[in-house]
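New to this one? Here is a quick briefing to read alongside the sequence and the 3D view.

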Amino acid sequence: MTTSSGTSFASDNQARDPNAAAHTPANPSPRTVPDKILYEQPLNERTRTFLRLEYLFQQAAHHLACQSEWDSRATLACVLEILEIFGNSNLKSEVLKELERHITSLKRHEQNPHVDHSQLSGLLDSISSHVESVRAINGQIANDLKASEFLVSIKQRSAIPGGTCDFDLPAFHYWLQQPAKERTRDLSQWLSHFNAIGQAIQMILSLTRDSSPMKLTLASGGVYQRTLDPNLPCQLVRIALPPGLPYFAELSGGRHRFTARFLQFSTDEKRAKQTDQDVEFELACCVI
């Protein structure tokens, strides 16, 4: 699970040595195999949008930490996609509603003697702090970026395959040739417009994921279906599989039910086929 640090970019990266990449080993250590492969399926539009933003924030943070022109391109592409999502919906209102819903839900436990009240109080204070930070945002989020002629020109050309080539955008080409420290400074400044709301979204997703423990479940014949209680709306379905299995989980669903199918992975041209074997997996239906 990603921590809120994945949504705050400005301070750490501005202090990086622009020459640090030159000292990176040519053959970095390979990534370790995860203990479990997680699959998540949002069951409403709000959670779907939050997950997409989390993905873009993580991608931006990864590339921002690197120094090459291609990493700067990738980071800026994330900035533009994030900006596009914020331009298509009133996310500030959506985030505030969700934070306030979590506060209301957690306050119901204040009279429960079996609850750790110190931990509960700290959690409520943290959520309230995010509410104040989001409310402090004046007007539309990242409104200044939407008016940037430089960013708008790149966004317009990004819709064309290969449209951000050097000869199409000479100003972009010039910016990419500037020292890594300057590019990182600019990118950090642009991303900082999303820090408050990005951290609030991460808090919401963390609370959602932590609301339900994983339980061992069996998919008979490679398929599992479950009917949901509409009075206890499920926000997110999570499935965990060991990495050694030759299957991946394909999830679909909505407010009333969801289905998980386990398909045999193949890179051939053939369409992935559902296994007829029973598959043991871990499942969490996140209701909060």
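What follows is a short tour, from the whole chain down to single residues.

Keep in mind that this is a predicted model. The protein chain has 288 residues, and 40% of them are buried. Its secondary structure adds up to 10 helices and 8 strands.

**The chain as a whole**

- The accessible surface of the protein chain is about 16600 Å², and carbon and sulfur atoms supply 49% of that.
- Take the contacts in the protein chain that have a separation of 6 or more: 77% of them are between residues 24 or more positions apart.

**Cysteines**

- If you go looking for disulfides, you'll find 0 in this structure.
- C78 is buried, at a relative accessible area of 1%.
- C66 counts as partly exposed, because its relative accessibility is 28% and the partly exposed class runs between 20% and 50%.

**Salt bridges**

- The model has 14 salt bridges in total, and three of the pairs are picked out here.
- One of them joins the side chains of R238 and E40, with 2.8 Å from N to O. This pair connects distant parts of the chain: R238 sits in strand β4 (residues 234–241) and E40 in strand β1 (residues 37–42), 198 residues apart.
- How covered are those two partners? R238 counts as buried, at 12% relative accessibility, while E40 is partly exposed at 27%.
- R238 and E40 also belong to a network of salt bridges that takes in E54 and R209.
- Another salt bridge brings together the side chains of E94 and R46, again with 2.8 Å from N to O. E94 is in helix α4 (residues 91–107) and R46 is in helix α2 (residues 45–64), so this pair ties together parts 48 residues apart in sequence.
- E94 counts as partly exposed at 24% relative accessibility, and R46 is partly exposed as well, with a relative accessible area of 24%.
- E100 and R135 meet through their side chains too, in a salt bridge of 2.5 Å, N to O. Here E100 lies in helix α4 and R135 in helix α5 (residues 117–135), so to speak two distant parts of the chain, 35 residues apart.
- E100 is partly exposed, with a relative accessible area of 31%.

**Where α2 meets α4**

- Which way do these two helices cross? The axes of α2 and α4 cross at roughly 110 degrees and come within 11 Å. That makes α2 roughly perpendicular to α4, because angles of 65 to 115 degrees count that way.
- On the α2 side, the residues that meet α4 are R46, T49, F50 and L53. Their counterparts in α4 are L91, E94, V95, K97 and E98.
- R46 and E94 show up in this list, and they are also the partners in a salt bridge.

**F262, a buried residue in a strand**

- F262 is found in strand β6 (residues 257–264), and it is buried, with a relative accessible area of 0%.
- Which residues does F262 touch, apart from its neighbours within four places in sequence? The contacts are A219, G222, I239, L241, Y247, F248, A249, K273, Q274, T275, V279 and F281.
- The C-alpha atoms of F262 and G221 are 8.9 Å apart, though the two residues are 41 residues apart along the chain.

**E282 and its contacts**

- E282 lies in strand β8 (residues 279–287).
- Between E282 and M214, 68 residues apart along the chain, the C-alpha atoms are separated by 5.5 Å.
- Leaving out neighbours within four places in sequence, the residues in contact with E282 are K36, M214, K215, L216, R238, I239 and A240. One of these, R238, is the partner of E40 in a salt bridge.
- I239 is in contact with E282 and with F262.

**A142, a residue with positive phi**

- A142 is a residue other than glycine, yet its phi has a positive value, near 55 degrees.
- Where is A142 in the chain? It lies in the loop between α5 and α6 (143–146).
- Is A142 buried or exposed? With 5% relative accessibility, A142 counts as buried.

How values were computed:
Residues numbered from 1 in each chain as written. Predicted model: local features only at pLDDT ≥ 70, side-chain atom pairs only at ≥ 80, totals over all residues. Heavy atoms only, no water. Disulfide = S-S within 2.5 Å. Buried < 20%, exposed > 50% of the residue type's maximum accessible area, 1.4 Å probe, protein only. Helix = DSSP H or I, 4+ residues; strand = E, 2+ residues; numbered from the N terminus. Contact = heavy atoms within 4.5 Å. Areas by Shrake-Rupley, 256 points an atom, 1.4 Å probe, with all protein chains shown as cover. Salt bridge = Lys/Arg side-chain N within 4 Å of Asp/Glu carboxyl O. Axes fitted to C-alpha atoms, helices over the stretch in contact; angles between N-to-C directions. Parallel < 35°, antiparallel > 145°, perpendicular 65-115°, else oblique.
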